[in-house]
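Got your viewer open? Load the model below and keep the selection tool handy.

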Amino acid sequence: MKVDVLLGLQWGDEGKGKIVDVLTPDYDIIARFQGGPNAGHTLEFDGRKFILRSVPSGIFQGGKINIIGNGVVLDPALFKAEVEALELSCSDLADRLYISRKAHLILPTHRLLDAAYETRKGSGKIGTTGKGIGPTYTDKVSRNGLRIGDLEHNFDEKYREALARHEELLQQMGFEYDLAPLEKAFFEGIECIKRFKLIDSDHFINDALRNGKNVLAEGAQGTMLDIDFGSYPFVTSSSTVCAGACTGLGVPPSRIGEVYGIFKAYCTRVGSGPFPTELHDETGQKIRDLGAEYGSVTGRPRRCGWIDLVALRYAIMLDGVTRLIMMKSDVLDTFDVIKACVAYEINGRETEDFPYEINDSVKPVFAELDGWKTDMSKMQSEDEFPEEFNAYLSFLEEYLGVQIKIVSVGPDREQTIIRYEE
Ligand code: GDP
Ligand code: IMO
Ligand code: MG
């Protein structure tokens, strides 16, 4: 069997959590492959709303195995909080949620280092989520990290070594901190992790595939935040592209099946960094208000703009997307005109190719399409789509070269329309 991958094509928050939940009935195993609690994946069903940080979004569909893969970085304190909230609804959580021994641990000092580095960058700061993501992946790559598997061997000694190293760095930067409450929550979190099955997820997933099980790999963040291909340095510290599912789960490229690329009918971004189609006017505010574009965890207002097809086509190329999923179409229901960026003008020349770097000289070139001016939020099938909406879909499909398989018209699980039924 194959591993299907679902990942964000923009700057995160595309609606990955909702669609993983919708697709879960077709799979036996759902596995997160990168990122950590910088993610906030929202699910809504039966009038309830849940936000997942590290736990895969397949957790609410009964009988499915959910795996936190080796490419993920896990914060014990935040994991414990997430587990406690989930256990109110999922009584068998510990039977269905497994953690890779090769996943790395976010230590309290990683969070402090994240804050210290951001402070030092001043106005050039990345606007991280402050969850210690960068410092944890830095330790992983520099071969100083602590892994879940270390909980089973000399953990205290390894922890003290890392602590001494991190405290030296914090002192060098003159960063003041109070470690005691963070450490208390960390060690309580460690006890919580030990209640779960710690597995060799690489073997587990490959065995499952050989035994005919279907696996869905759930991405976090988005392709434009990828460490290699995103708007560096304003990116996260992991491989958010499809290839990250191979290294983040230990599956060979030949095992990758469908690649679901998910995008909003417009664009958003949180934190600093370039965003060519950003709207600083009342249209941007209207999108933010109608789309409730405020961070699901931090509450930070998300920057909003029109869809950027140059960046989207670049992401589709990097990820090898086979099926597109368009989210939050309903947010544009009341607009007279909808714009789509079809090229960049750079120093007087137009290009459809995503450049090495996006800077102030990159200006978006827009196509204008008629708005559909129809409430789509209660629609059940594509037969109900207004003509202008179909024209928007066709325009995007033609530019992007991939079919839009699913259209989402609201946050609830039910507000999902599958097109091209096979
Ligand atoms: P993720 O990080 O990719 O899982 O996305 P987030 O959960 O951070 O952000 C997506 C937000 O949009 C959440 O608040 C969802 O409940 C909401 N949402 C998802 N799909 C739709 C949709 O089609 N329409 C509207 N209006 N909201 C949606
Ligand atoms: P989900 O999975 C949106 C952004 C941060 C910042 C940059 C680096 O919910 O889509 P980090 O803490 O990772 O070092 O921050 O990446 N960022 C996200 N933006 N959605 C996310 O996750 C994000 N995770 C990180 O805002 O600009
Ligand atoms: Mg999110």
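We'll visit a ligand site and then a pocket.

This is a predicted model, so to speak of the ground rules: local features need pLDDT of at least 70, side-chain atom pairs count only at pLDDT 80 or more, and totals for chains, interfaces and linings use all residues. Residues are numbered from 1 along each chain as its sequence is written, chains are lettered from A and ligands numbered from 1 in the order written, and side-chain values use heavy atoms, with hydrogens and water left out.

Select ligand 2 and its shell (residues with a heavy atom within 4 Å). You should get 21 residues, with Asp13, Lys16, His41, Thr129 and Thr236 the closest. By class, the shell holds 8 nonpolar, 10 polar (Gly counts here) and 3 charged residues.

Now show the polar contacts (N or O pairs within 3.5 Å). Oxygen atoms of ligand 2 sit 2.6 Å from a polar side-chain atom of Thr236, 2.7 Å from one of Lys16 and 2.8 Å from a polar backbone atom of Asp13. The protein covers 98% of the 550 Å² of accessible area (Shrake-Rupley, 1.4 Å probe) that ligand 2 has on its own.

Next, go to the second largest pocket (an open set of 1 Å grid points over the protein atoms alone, where a 1.4 Å probe fits, with protein on both sides within 12 Å along at least five of seven lines; lining residues have an atom within 4 Å of a point). Centre on Thr42, Glu44, Gly291, Lys328 and Pro411, which lie nearest the middle of a 30-residue lining. The space is about 570 Å³. Colour β3 (41–45), which gives the most to this lining, with 4 residues.

Note on methods:
Grid points are joined across faces, edges and corners, and a volume is the space filled by probe spheres set on the points. Helices (H or I, at least four residues) and strands (E, at least two) are DSSP runs, numbered from the N terminus. A polar contact is a pair of N or O atoms within 3.5 Å; within protein, one must be able to donate a hydrogen and the other to accept it, and residues adjacent in sequence count only if both atoms are side-chain atoms.
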